[in-house]
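Biologist: Please give me a close look at one part of this model: the lining of its empty space. Start there, then work outwards through the elements around it.

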Amino acid sequence: MALTFRVTGIALLLATIVGVPIGAALGLARFPGRRLVTLVLYTGMGLPPVVVGLFVYVAFSRSGPLGDLGWLFTPAAMIAAQTIIAFPLVAALTMSAVDGVDRDLRLQVRALGATRWQLAWTVLREARIGVTAAIVAAFGGIISEVGAVMLVGGNIEGQTRVLTTAIMLYARQGDFALAMALGLILIALALAANAVLLQLQGRSR
(Lines give C-alpha, C1' and ligand atoms only; values in the text may rest on other atoms or scores of the structure.)
Protein backbone atom coordinates (compact mmCIF):
# COMPACT_ATOMS: atom_id res chain seq x y z
CA MET A 1 0.00 0.00 0.00
CA ALA A 2 2.85 2.36 0.87
CA LEU A 3 4.51 1.68 -2.47
CA THR A 4 1.24 2.36 -4.27
CA PHE A 5 1.00 5.80 -2.69
CA ARG A 6 4.71 6.52 -3.17
CA VAL A 7 4.70 5.68 -6.87
CA THR A 8 1.39 7.40 -7.57
CA GLY A 9 2.19 10.43 -5.40
CA ILE A 10 5.59 11.11 -6.96
CA ALA A 11 4.26 10.58 -10.49
CA LEU A 12 1.33 12.93 -9.83
CA LEU A 13 3.66 15.54 -8.34
CA LEU A 14 6.00 15.41 -11.34
CA ALA A 15 3.12 15.54 -13.82
CA THR A 16 1.63 18.51 -11.96
CA ILE A 17 4.92 20.42 -11.76
CA VAL A 18 5.46 20.04 -15.50
CA GLY A 19 1.88 19.86 -16.75
CA VAL A 20 0.27 22.84 -15.02
CA PRO A 21 2.73 25.49 -16.30
CA ILE A 22 2.69 24.02 -19.81
CA GLY A 23 -1.10 23.78 -19.81
CA ALA A 24 -1.39 27.36 -18.53
CA ALA A 25 1.03 28.63 -21.18
CA LEU A 26 -0.90 26.85 -23.92
CA GLY A 27 -4.17 28.23 -22.60
CA LEU A 28 -2.82 31.78 -22.64
CA ALA A 29 -0.71 31.77 -25.78
CA ARG A 30 -1.75 31.90 -29.41
CA PHE A 31 0.88 30.68 -31.85
CA PRO A 32 1.13 28.75 -35.13
CA GLY A 33 0.83 25.05 -34.44
CA ARG A 34 -1.19 25.45 -31.25
CA ARG A 35 -3.96 23.28 -32.65
CA LEU A 36 -1.45 20.56 -33.43
CA VAL A 37 -0.04 20.71 -29.89
CA THR A 38 -3.59 20.55 -28.54
CA LEU A 39 -4.33 17.56 -30.75
CA VAL A 40 -1.22 15.79 -29.44
CA LEU A 41 -2.20 16.47 -25.83
CA TYR A 42 -5.75 15.28 -26.33
CA THR A 43 -4.45 12.16 -28.03
CA GLY A 44 -2.10 11.62 -25.09
CA MET A 45 -5.10 11.64 -22.75
CA GLY A 46 -6.39 8.54 -24.48
CA LEU A 47 -3.12 6.66 -24.79
CA PRO A 48 -3.51 3.04 -23.68
CA PRO A 49 -1.36 2.66 -20.53
CA VAL A 50 0.01 -0.64 -21.76
CA VAL A 51 1.41 1.14 -24.84
CA VAL A 52 3.08 3.72 -22.60
CA GLY A 53 4.47 0.88 -20.53
CA LEU A 54 5.82 -0.78 -23.66
CA PHE A 55 7.70 2.36 -24.74
CA VAL A 56 9.09 2.88 -21.24
CA TYR A 57 10.09 -0.79 -21.10
CA VAL A 58 12.00 -0.47 -24.37
CA ALA A 59 13.63 2.79 -23.25
CA PHE A 60 14.84 1.30 -19.95
CA SER A 61 15.70 -2.14 -21.28
CA ARG A 62 19.36 -3.13 -21.35
CA SER A 63 19.69 -2.25 -25.06
CA GLY A 64 17.47 0.85 -24.81
CA PRO A 65 18.65 4.47 -24.78
CA LEU A 66 18.15 4.73 -20.99
CA GLY A 67 19.25 1.20 -20.17
CA ASP A 68 22.36 2.36 -18.32
CA LEU A 69 20.15 3.82 -15.58
CA GLY A 70 19.15 0.32 -14.52
CA TRP A 71 15.61 1.43 -13.72
CA LEU A 72 13.71 -1.45 -15.34
CA PHE A 73 11.73 -3.47 -12.78
CA THR A 74 12.19 -0.77 -10.14
CA PRO A 75 9.75 1.81 -8.71
CA ALA A 76 11.63 4.49 -10.69
CA ALA A 77 10.47 2.98 -13.99
CA MET A 78 6.92 2.72 -12.63
CA ILE A 79 7.02 6.40 -11.66
CA ALA A 80 8.30 7.32 -15.13
CA ALA A 81 5.47 5.40 -16.82
CA GLN A 82 2.79 6.87 -14.57
CA THR A 83 4.16 10.39 -15.03
CA ILE A 84 3.90 10.01 -18.80
CA ILE A 85 0.31 8.80 -18.42
CA ALA A 86 -0.66 11.62 -16.05
CA PHE A 87 1.07 14.48 -17.87
CA PRO A 88 -1.34 14.86 -20.85
CA LEU A 89 -4.32 14.78 -18.46
CA VAL A 90 -2.92 17.54 -16.28
CA ALA A 91 -1.66 19.69 -19.16
CA ALA A 92 -4.70 19.37 -21.45
CA LEU A 93 -7.31 19.91 -18.74
CA THR A 94 -5.33 22.83 -17.30
CA MET A 95 -5.16 24.34 -20.79
CA SER A 96 -8.94 24.00 -21.17
CA ALA A 97 -9.52 25.54 -17.74
CA VAL A 98 -7.26 28.52 -18.46
CA ASP A 99 -8.71 28.94 -21.95
CA GLY A 100 -12.18 29.09 -20.41
CA VAL A 101 -11.41 32.05 -18.16
CA ASP A 102 -13.30 35.17 -19.18
CA ARG A 103 -11.15 37.12 -21.66
CA ASP A 104 -12.39 40.40 -20.21
CA LEU A 105 -10.43 39.53 -17.07
CA ARG A 106 -7.21 39.38 -19.08
CA LEU A 107 -7.96 42.74 -20.68
CA GLN A 108 -8.64 44.29 -17.28
CA VAL A 109 -5.44 42.89 -15.80
CA ARG A 110 -3.42 44.11 -18.78
CA ALA A 111 -5.05 47.50 -18.54
CA LEU A 112 -3.86 47.73 -14.94
CA GLY A 113 -0.29 47.29 -16.15
CA ALA A 114 0.32 43.72 -15.02
CA THR A 115 3.35 41.88 -16.33
CA ARG A 116 3.00 38.66 -18.30
CA TRP A 117 3.80 36.63 -15.19
CA GLN A 118 1.23 38.53 -13.12
CA LEU A 119 -1.35 38.02 -15.85
CA ALA A 120 -0.60 34.31 -16.02
CA TRP A 121 -0.82 33.94 -12.24
CA THR A 122 -4.13 35.82 -12.09
CA VAL A 123 -5.69 33.70 -14.83
CA LEU A 124 -4.35 30.51 -13.31
CA ARG A 125 -5.87 31.42 -9.95
CA GLU A 126 -9.18 32.10 -11.66
CA ALA A 127 -8.99 28.65 -13.28
CA ARG A 128 -7.94 26.87 -10.08
CA ILE A 129 -11.11 24.75 -9.87
CA GLY A 130 -10.48 23.35 -13.32
CA VAL A 131 -6.81 22.85 -12.50
CA THR A 132 -7.75 20.91 -9.37
CA ALA A 133 -10.11 18.81 -11.47
CA ALA A 134 -7.21 18.09 -13.83
CA ILE A 135 -5.05 16.87 -10.96
CA VAL A 136 -7.90 14.74 -9.58
CA ALA A 137 -8.48 13.20 -13.00
CA ALA A 138 -4.78 12.40 -13.34
CA PHE A 139 -4.70 10.86 -9.87
CA GLY A 140 -7.66 8.64 -10.71
CA GLY A 141 -6.03 7.63 -13.97
CA ILE A 142 -2.75 6.47 -12.49
CA ILE A 143 -3.74 4.97 -9.14
CA SER A 144 -5.99 2.52 -10.96
CA GLU A 145 -3.48 1.83 -13.72
CA VAL A 146 -2.12 -1.71 -14.04
CA GLY A 147 -0.82 -2.42 -17.56
CA ALA A 148 2.17 -0.06 -17.59
CA VAL A 149 3.33 -0.72 -14.02
CA MET A 150 3.05 -4.45 -14.63
CA LEU A 151 5.27 -4.20 -17.70
CA VAL A 152 7.99 -1.96 -16.31
CA GLY A 153 7.78 -3.01 -12.67
CA GLY A 154 7.43 -6.75 -13.09
CA ASN A 155 5.11 -7.16 -10.07
CA ILE A 156 7.99 -8.29 -7.83
CA GLU A 157 6.85 -9.00 -4.29
CA GLY A 158 8.31 -6.56 -1.78
CA GLN A 159 9.85 -4.43 -4.51
CA THR A 160 7.46 -3.37 -7.26
CA ARG A 161 4.13 -4.95 -6.35
CA VAL A 162 1.40 -2.34 -5.96
CA LEU A 163 -2.28 -2.80 -5.19
CA THR A 164 -3.43 -3.03 -8.80
CA THR A 165 -0.84 -5.63 -9.80
CA ALA A 166 -1.51 -7.58 -6.59
CA ILE A 167 -5.23 -7.64 -7.44
CA MET A 168 -4.46 -9.00 -10.89
CA LEU A 169 -2.12 -11.63 -9.46
CA TYR A 170 -4.58 -12.93 -6.87
CA ALA A 171 -7.44 -12.91 -9.40
CA ARG A 172 -5.37 -15.03 -11.77
CA GLN A 173 -4.61 -17.43 -8.91
CA GLY A 174 -8.32 -17.76 -8.21
CA ASP A 175 -8.16 -16.02 -4.83
CA PHE A 176 -11.04 -13.72 -5.64
CA ALA A 177 -11.85 -12.95 -2.01
CA LEU A 178 -8.41 -11.43 -1.43
CA ALA A 179 -8.45 -9.71 -4.83
CA MET A 180 -11.81 -8.12 -4.07
CA ALA A 181 -10.67 -7.09 -0.60
CA LEU A 182 -7.65 -5.34 -2.10
CA GLY A 183 -9.95 -3.78 -4.70
CA LEU A 184 -12.15 -2.34 -1.97
CA ILE A 185 -9.06 -0.97 -0.20
CA LEU A 186 -7.96 0.67 -3.45
CA ILE A 187 -11.39 2.24 -3.94
CA ALA A 188 -11.37 3.50 -0.34
CA LEU A 189 -7.91 5.02 -0.78
CA ALA A 190 -8.98 6.70 -4.03
CA LEU A 191 -12.09 8.08 -2.34
CA ALA A 192 -10.07 9.42 0.57
CA ALA A 193 -7.45 11.05 -1.66
CA ASN A 194 -10.10 12.62 -3.89
CA ALA A 195 -11.96 13.87 -0.83
CA VAL A 196 -8.80 15.64 0.33
CA LEU A 197 -8.29 17.21 -3.11
CA LEU A 198 -11.92 18.33 -3.25
CA GLN A 199 -11.61 19.77 0.24
CA LEU A 200 -8.61 21.79 -0.90
CA GLN A 201 -10.60 22.87 -3.94
CA GLY A 202 -13.43 24.05 -1.70
CA ARG A 203 -11.06 26.10 0.43
CA SER A 204 -9.65 27.83 -2.63
CA ARG A 205 -13.05 29.15 -3.74
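Modeller: By class, six nonpolar, four polar and one charged residues make up the lining of the largest cavity. Keep in mind that this is a predicted model. Searching the whole structure turns up one cavity of 30 Å³ or more. The largest cavity holds about 50 Å³ of space.

Now put names to the lining. Thr4, Val7 and Thr8 line the largest cavity, and so do Met78 and Gln82. The lining also includes Ile142, Ile143 and Glu145. Val149, Val162 and Thr164 complete the list. The charged residue is Glu145. Three helices each supply at least two residues of this lining: helix 1 (2-28), helix 4 (75-99) and helix 7 (128-143). Helix 1 gives the largest share, three residues.

Take helix 7 next. Helix 7 has 16 residues. From first C-alpha to last, helix 7 reaches 22 Å, close to the 22 Å expected at 1.5 Å a residue. Two of the cavity-lining residues, Ile142 and Ile143, are also among the buried residues of helix 7. The other buried residues of helix 7 are Val131, Thr132, Ala134, Ile135, Val136, Ala138 and Phe139.

Helix 1 comes next. Its 27 residues should span 39 Å at 1.5 Å a residue. The end C-alpha atoms of helix 1 are 38 Å apart, which agrees. Helix 1 also bends, by about 30 degrees at Gly19. A proline, Pro21, follows within four residues of that bend. Before helix 1 comes a segment that contains Met1. Met1 counts as exposed, at 52% relative accessibility; the cut-off for exposed is over 50%. The C-alpha atoms of Met1 and Thr94 are separated by 29 Å, while the two residues are 93 apart along the chain.

Helix 1 also takes part in the largest pocket. About 450 Å³ of space lies in that pocket. Its lining has 16 residues. Nearest the pocket centre are Ala25, Leu28, Arg116, Trp117 and Ala120. Helix 1, helix 5 (103-111) and helix 6 (116-126) are the elements that give two or more residues to the pocket lining. Helix 6 provides the largest share, six residues. By class, the pocket lining has 11 nonpolar, no polar and five charged residues. Set that beside the cavity, where the lining has four polar residues and one charged residue.

Helix 4 leads back along the chain to the loop between helix 3 and helix 4. Phe73 lies in that loop. Phi of Phe73 is near 65 degrees, a positive value in a residue other than glycine. Phe73 also belongs to one of the aromatic pairs, and the structure holds two of these. Tyr57 is the partner of Phe73, and the pair is edge-to-face. The ring centres are 6.1 Å apart, with 65 degrees between the planes. Tyr57 lies in helix 3 (residues 49-60) and Phe73 in the loop, so the pair ties together parts that are 16 residues apart in sequence. Tyr57 counts as partly exposed, at 30% relative accessibility. Phe73 is partly exposed too, with a relative accessible area of 35%.

The other aromatic pair is formed by Phe60 and Trp71, and it is tilted. Here the distance is 5.3 Å centre to centre, and the planes make an angle of 40 degrees. Phe60 lies in helix 3 and Trp71 in the loop between helix 3 and helix 4, so this pair ties together parts that are 11 residues apart in sequence. Phe60 is buried, with a relative accessible area of 6%. Trp71 is partly exposed, at 33%.

One more loop deserves a look. Asn155 sits in the loop between helix 8 (147-153) and helix 9 (163-172). Asn155 has a positive phi of about 55 degrees, although it is not a glycine. Its relative accessible area is 11%, so Asn155 is buried, the cut-off being under 20%.

Back to the part you asked about. The largest cavity holds about 50 Å³, and helix 1, helix 4 and helix 7 each supply at least two residues of its lining.

Note on methods: Residues are numbered from 1 along each chain as its sequence is written. This is a predicted model: local features need pLDDT of at least 70, side-chain atom pairs count only at pLDDT 80 or more; totals for chains, interfaces and linings use all residues. Side-chain values use heavy atoms; hydrogens and water are left out. On a 1 Å grid over the protein atoms alone, a cavity is a set of points where a 1.4 Å probe fits but cannot get out, and a pocket is an open set with protein on both sides within 12 Å along at least five of seven lines; lining residues have an atom within 4 Å of a point. Grid points are joined across faces, edges and corners, and a volume is the space filled by probe spheres set on the points. Rings of Phe, Tyr and Trp (its six-membered ring) pair if their centres lie within 6.5 Å; planes under 30 degrees apart count as stacked, over 60 as edge-to-face and the rest as tilted. Buried means under 20% relative accessible area, exposed over 50%, partly exposed in between (1.4 Å probe, protein chains only). The expected span of a helix is 1.5 Å times one less than its number of residues. The bend at a residue is the angle between axes fitted to the seven residues ending there and the seven starting there.
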